[in-house]
Amino acid sequence: MNNVLQLVWLIPVLPLLGFLINGLGRKHLSKGLSGLIGSGTVLGSLVISILVFLSVKNGNTPVIHYFDFINAGSLKIGFDFQVDQLSSLFLLIITGVGFLIHVYSTSYMHEEEPKDFAKYFAYLNLFVFSMLLLVMGANYVIMFIGWEGVGLCSYLLIGFWFRNNNYNNAAKKAFVMNRIGDLGFLLAVFWLINKTGTTDFQGVFAGISKLTTTDITGITLLLFVGATGKSAQIPLYTWLPDAMAGPTPVSALIHAATMVTAGIYMIARSNILYSMAPVTQAVVAIVGLSTAILAATIALRQNDIKKVLAYSTVSQLGYMFLGLGVGAYTGAVFHVMTHAFFKALLFLGAGSVIHAMSGEQDMRNMGGLKKYMGITHLTFLLGCLAIAGMPPFAGFFSKDEILAAVYAKNPVLWGIGVAGAMMTAFYMFRLYAMTFLGKFRGTHEQEHHLHESPMAITIPLMVLTLLSVVGGWVGIPEALMKGGHHFAEFLAPVFAQSDAITVKHTMTHSTEYMLMIVSVSLALVTLVYAWMKFSKYEKTDKEETGIGKVLENKWYVDELYQTMITRPIQFMSKYFNEVLERKGIDGFVNGVGKAVNYGSRQVRLLQSGQVGAYVLLMVLGILVLFIIQLFL
Amino acid sequence: MEIKYYIGLAVALFCIGVAGVLTRRNAIIIFMCIELMLNAVNVLLVAFSKMHALSALGKAMPSVVSDGQLFVFFIMVVAAAEVSVGLAIIVMMYRNVHAVDVNFLNRLKN
């Protein structure tokens, strides 16, 4: 099995090759070929990732050094890959879900021109490459390369249909918001280099005693700022819903399954730092929980099918951060995995619906799709059950694990978390019922056009459904099955160091049963309520009022940012442009020029060309010098 | 003779030279006036040299005795060279514009 580790470098290199071939040959490749290259390279990575995963399972967790990336004085940063439980798990998620989405895209993007089609796959492959680099890097610098790379690909893919200016603005918004977070990440890395002289994960975690509490708190907070940008948490979450401007498979891959979980991966990777900084943990937990609730409330009243899913993603990411904040690293990573399955499934299902509806995204114009799209309907329903946390689907196990850990820490937070879970059940089944149940509310033309999507779309849906159903069974809590939590056992070495220093909260099994029953039954009640209420949904022209209007307008957070930050900056730029730049700097520079011009025009008059005048001036000058010499 | 007479003579010569240069337009006369100024300086050099030589006699400082007078020769040589160049210019000027009026030579202007 050791030979597999010699192939590790191929995992990111294959998608990079795909990117190069598709990117450079985009004008010559046919659609079939570029789709084949795009999906094939990711499939290759998936195969190697599975082999690596099996090897890691046998206990091979090396750090593989390839070459020196930076070698300056005492600072040495190698281009190293870390192969361990956490990264191999993420490798599987990225390449597995990534491959399915590539296959799905071959059908979904089929109406594009061949060169746009190849460009799309080039970007998608570049994204997979960057994401793999992010999770495989053995130090913060390599991670940061991937971190920036995925941000770039996110920008490129959100703005893929760049002829629409709104989409471009959404792409720019995502990029700028991410940059704000990246700055925090970068500062944290500098701080680490300054204090420990290394950025290697192993080096940093081994030399953690060199850091004071202030250092650790500062570094972890700055890293968390980076995570809020990439993983769309308060206050930097507003880019993610706008990012839905991109093609739907992109939303599934980048803005649901993989890239947005980079922040969680990074914190889980740095778990020991976070465990030693209780202040940061509290901040992470509070930010996570507030985001989970805020986004869930917004999702209650959105009518765009993708917007609901986007806010749902923000909300679920909030849960993951809540888990990280209370020290349930395994739970958070578990939720990353299950969320990748069911959220990718839901997005792809939504894409299938949008495809059938010829681009329509407003749920008010859907309804009754159940009888037209059998497979999409069934897979979507199972996905909704999974995200709503119904046993025995995947979402139940991961969400339950996070909530149990939260309860052990603080029952009040648990209560709020359960309220969020109820909202999740509500908005998901509102979405489900409005889309698939009731009567069709669209135009006749759309109704005529309705069809089940082709195999390339339905097969990934079915695979993801299978994963969403059984994916949680690797982490069955102790209370339900002794030794059932293979997931925690597998990841235990990664979190061993922080487990050793955290206080264990043990709960009796009866408490756990109680928690599960309460959260599941509450979610079930809201689920049924939403199902009943929205299966008979009729389109109305009535304007929303009161709190509904506020929710529909996303708590006016975008407007708030607009007035609080964007407007003042624009005003200031305008002021600086018009006053400081035009009148101040330009005025000064032009003034110097004008003064020289004017002065020389005046002085030129002295050059009369009359020799006598020159001589007279010379004599006068000499006289003046004489007078100065003699009398002064 | 007292030094002040020499100085008086030199100043008078110099002022005549300056006045000539300032007021006349004929290039040759201007030239002559410049010579006048140069020679005024020469007179001063010789006079001061003689004066300092008398006071420095007992102190064995031979250079003080001769320096000023030597300088006069240099000035004469340079002035002679200058005159030859200057006269050549004036000849050329006359050939071109048929005049030796310096105000004619303002063609560079504009």
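**A first look at the model**

In chain A, A:P392 sits in the loop between α16 (374-387) and α17 (394-409); helices (H or I, at least four residues) and strands (E, at least two) are DSSP runs, numbered from the N terminus. This is a predicted model, in which local features need pLDDT of at least 70 and side-chain atom pairs count only at pLDDT 80 or more, while totals for chains, interfaces and linings use all residues. Residues are numbered from 1 along each chain as its sequence is written, and chains are lettered from A and ligands numbered from 1 in the order in which they are written.

**Unusual backbone spots in chain A**
- The bond leading into A:P392 from A:P391 is a cis peptide, with omega near 5°.
- Another cis peptide bond runs from A:I234 to A:P235, also with omega near 5°; look for A:P235 in the loop between α8 (213-230) and α9 (239-242).
- A:S358, in the loop between α15 (329-356) and α16, has a positive phi near 55° without being a glycine.
- A:S358 counts as exposed because 12 other C-beta atoms lie within 10 Å (buried means 20 or more other C-beta atoms within 10 Å, exposed 12 or fewer, partly exposed in between, with C-beta atoms placed from the backbone).
- A:W555 is not a glycine either, yet its phi is positive, about 60°; its loop lies between α23 (546-552) and α24 (557-603).
- With 14 other C-beta atoms within 10 Å, A:W555 is partly exposed.

**A hairpin in chain A**
- Strands β1 (residues 63-72) and β2 (residues 75-82) of chain A run antiparallel and are joined by eight bridges (strands pair if DSSP finds at least two bridges between them).
- One of the partnerships links A:F67 to A:F79 in β2(A).
- Two residues separate the strands of this hairpin, and A:G73 in the turn has a positive phi of about 60°.

**Helix α1 of chain B**
- Helix α1(B) covers residues 3-23, and its end C-alpha atoms are 30 Å apart, in agreement with the 30 Å expected for 21 residues (1.5 Å times one less than the number of residues).
- Its buried residues are B:A10, B:L13, B:G17, B:V18 and B:V21.
- Those buried residues fall within an arc of 135° seen down the axis, so they line one face of α1(B) (the arc is taken from the directions from the helix axis to the C-beta atoms).
- On the other side, B:K4, B:Y5, B:G8 and B:A12 are exposed.
- The buried residues pack against α25 (611-631) of chain A and α2 (27-55) of chain B (contact means C-beta atoms, placed from the backbone, within 7 Å).

Definitions and conventions. Contact = placed C-beta atoms within 7 Å.
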